[in-house]
Amino acid sequence: SLGRTLFELYASSNYSSYIEISKTLMEQGKKKESLELASEINYDFYKFLAFKNISVVLIQQGKNDEFLSAIIEASRIATEISDDSWKFRAYSQLSIILMEHGKITESIKVTSEITNAYSKSMTYLELSKILKKQGKKQESQKAMKESLELALDIKGNYDKALAYLEISKTLIKQDKKQKSKEVMKVTYKVASKTDERESIMIYIEISKVLMELGEKEESLKVATEITNTDSKSKAYRELSKILMKQRKKKESLELISHISNDYSKSIAIKDISKILMEIGEKEESLKLASQITDASLKSEVYSELSKILMEQGKKDKSLQIAEKIKIVSCRLDTYNYFGKTLPFEEAQNLISSIASEENIIEVIKVISENIYDQMEPSEDLNPYLYNYSYYTQNLSNILFHQAKMACFFEEERNEEKLDMLSEVLDIKDWRRISASA
């Protein structure tokens, strides 16, 4: 009900701070305070979460006995949760954390307490993933088998289709492609029994999985059965991305041509041009991007392409594209990104290559913020501080901090520097003094 949902939202926001603080206290070694705070939570599921998080901290600290004590307490609390859906969620999380820490028998025992077929199937699926990562191939396969068998017992077609879909995706990651195809056929059959609204999302996901498996014709067949125009466009967008990542450029672009909505087509072109740039097809990427008619989307794609090139070390090409960004806020965001992500020397050298003063100021502002946040004195910073001090107020604060550090924390007291500090009342004075020094 609505009232119950609102209460759950309130409880979640109210207790999340308790959960986080109790975890932090345990990380700080304040065990007593941590446990006392967790015990004060009077909503069972959130109390369970608190003790579960505490147990994770304890095992990370190598305190195995205390980890077991916290897990036992979390298990006891889970059994007292009155609402079955929340109880099964707790059991699932408990089972997963036990499996992650090598407690296979205990994990399976907790999972056996889940009586909802969907929850139990999905829990076994997660256990299969964990066991696979741990190199326990036989146990992983056994857990996968349990997940598949339980999926048969799921009552609602929508939940059943979702379960099969997740199982199929996991099988692909576990290099069981043929088995994944078999499960996907079952998924499609079950999804066809759901109503149109529910089936759309599942059909999109099925078509994506089939395309990733190389089953192009089957994938497109599923996508064409989507009757809603917007949803079909979304399916084609997703499939075109997969084809482009598979280096099937012609098929990818052909699929985009079937998107009827201009805005959806532009979004698809934006995504594809980004993939092309990432794989080194610069000219093709820019050619596609130029076809976008929506000014906002065009600015977005040029911003993303510029960032990709900068990350690839192609500074000049990156700046050429950045200058094409017409939406001011988007362009400044791009230069802001350069200032934030590039190392100091690279960001500083970038300034001389930027044509627009407005864009230069944006980079300088962000570099200055980074310096101010770090407050680490460095000889390399001095020329930068001098040359660009009039662009941003942050620099006067940086200089004042550096002057204090030089005057008061050097081994030998320097009267000359102290006199200089007394004169540095604002940035103009500092520039005057530095220039005449």
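A charge is taken to sit over a ring when NZ of Lys or CZ of Arg is within 6 Å of the ring centre and within 35 degrees of the ring normal. In this predicted model, the charged end of R89 fits that description, sitting over the ring of W86 at 4.3 Å from its centre. A second case is provided by K307, whose charged end sits over the ring of Y337, 4.9 Å from the ring centre.

W86 also belongs to an aromatic cluster, together with Y43, F45, Y46 and F48. Aromatic pairs number 8 in the structure. Among them, F45 and Y46 meet edge-to-face, with 5.6 Å from centre to centre and 80° between the planes. Both F45 and Y46 are buried. Another pair brings together Y188 and Y203; their ring centres are 5.6 Å apart and their planes lie at 35°, so this pair is tilted. Here distant parts of the chain are linked, as Y188 lies in helix α10 (residues 177-191) and Y203 in helix α11 (residues 196-212), 15 residues apart. Y188 counts as partly exposed because its relative accessibility is 24%, whereas Y203, at 8%, counts as buried.

Turning to helix packing, helix α18 (residues 315-322) packs with helix α19 (residues 328-341) at an angle of about 155°, and the two axes are 10 Å apart. The angle therefore makes α18 roughly antiparallel to α19. On the α18 side, S318, L319 and A322 take part, meeting R331, Y335 and F338 of α19. Sorted by class, this contact has 4 nonpolar residues, 1 polar and 1 charged.

Methods. Residues numbered from 1 in each chain as written. Predicted model: local features only at pLDDT ≥ 70, side-chain atom pairs only at ≥ 80, totals over all residues. Heavy atoms only, no water. Axes fitted to C-alpha atoms, helices over the stretch in contact; angles between N-to-C directions. Helix = DSSP H or I, 4+ residues; strand = E, 2+ residues; numbered from the N terminus. Parallel < 35°, antiparallel > 145°, perpendicular 65-115°, else oblique. Contact = heavy atoms within 4.5 Å. Nonpolar A, V, L, I, M, F, W, Y, C, P; charged D, E, K, R; others polar. Phe/Tyr/Trp six-rings, centres within 6.5 Å; stacked < 30°, edge-to-face > 60°. Buried < 20%, exposed > 50% of the residue type's maximum accessible area, 1.4 Å probe, protein only.
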